[in-house]
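Visitor: I would like a close look at a single part of this model, and I would be glad of one connected account that also places that part within the chain.

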Amino acid sequence: MSKADTTTASVSTHILDTSAGRPARDVAVELSVRTGRDAEWSAHAASRTDGDGRCKDLPALPEGATHARLTFEVEPYLRSKGSDGGPHSFFPEVTVVFAVAAGEHYHVPLLLNPFGYSVYRGS
């Protein structure tokens, strides 16, 4: 393992549309980081889910990161599926904040439906 592998953490994610039983394609995802509970958030990367609902291009977190935040812009996706139930989607975005430690990998899947969602630490 190289020095970079032991001093940084990495993050991956995917979205499954549980109402359709399919991956959610073309959803914008932003990854932000901070270096302590009271530190300011800093944008680190932006991506879009691919045909498998995955973001495969998120870079390793910077050294010293203690928290990560994934923001999923789900409103355009839900609207495109006719899942908004009205003029606006119930969840225009989903934000997930989690603690990170150097050398760890964090896979954070989002299970999405028009009126609910769930996240967990995957593998």
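**The four-stranded sheet in its chain**

Guide: Read from the N terminus, the elements of this predicted chain follow the order α-β-β-β-β-β-β-α-β-β-β-β, which gives two helices and ten strands. Within that succession, the part to look at closely is an open sheet of four strands, arranged in the order 4-3-6-7 and paired in the antiparallel sense. Its edges are formed by strand 4, residues 42–48, and by strand 7, residues 94–99, each of which pairs on one side only. On average, and with direction ignored, neighbouring strands of the sheet are turned by 20° against each other.

At one of these edges, strand 7 is joined to strand 6, which spans residues 67–73, through six bridges in antiparallel pairing, and here A68 stands opposite F98 of strand 7.

As for the setting of the sheet, 41% of the chain's 123 residues count as buried, while the accessible surface of the chain amounts to about 6800 Å², with 49% of it belonging to carbon and sulfur atoms. Of the contacts in the chain between residues at least 6 apart in sequence, 61% join residues at least 24 apart.

Some care is due over confidence: the mean pLDDT of the chain is 91, and 89% of the residues reach 70 or more, but residues 1–5 stay under 50, and for them the model has two contacts beyond four places in sequence. Where pLDDT is low, the predicted coordinates should not be read in detail.

Notes: Residues are numbered from 1 along each chain as its sequence is written. This is a predicted model: local features need pLDDT of at least 70, side-chain atom pairs count only at pLDDT 80 or more; totals for chains, interfaces and linings use all residues. Side-chain values use heavy atoms; hydrogens and water are left out. Two strands pair if DSSP finds at least two bridges between them. Axes are lines fitted to C-alpha atoms, for helices over the stretch in contact, and angles run from 0 to 180 degrees between N-to-C directions. pLDDT is the predictor's confidence in each residue, from 0 to 100. Contact means heavy atoms within 4.5 Å. Buried means under 20% relative accessible area, exposed over 50%, partly exposed in between (1.4 Å probe, protein chains only). Accessible areas come from the Shrake-Rupley method with a 1.4 Å probe; for residues, only the protein chains shown count as cover.
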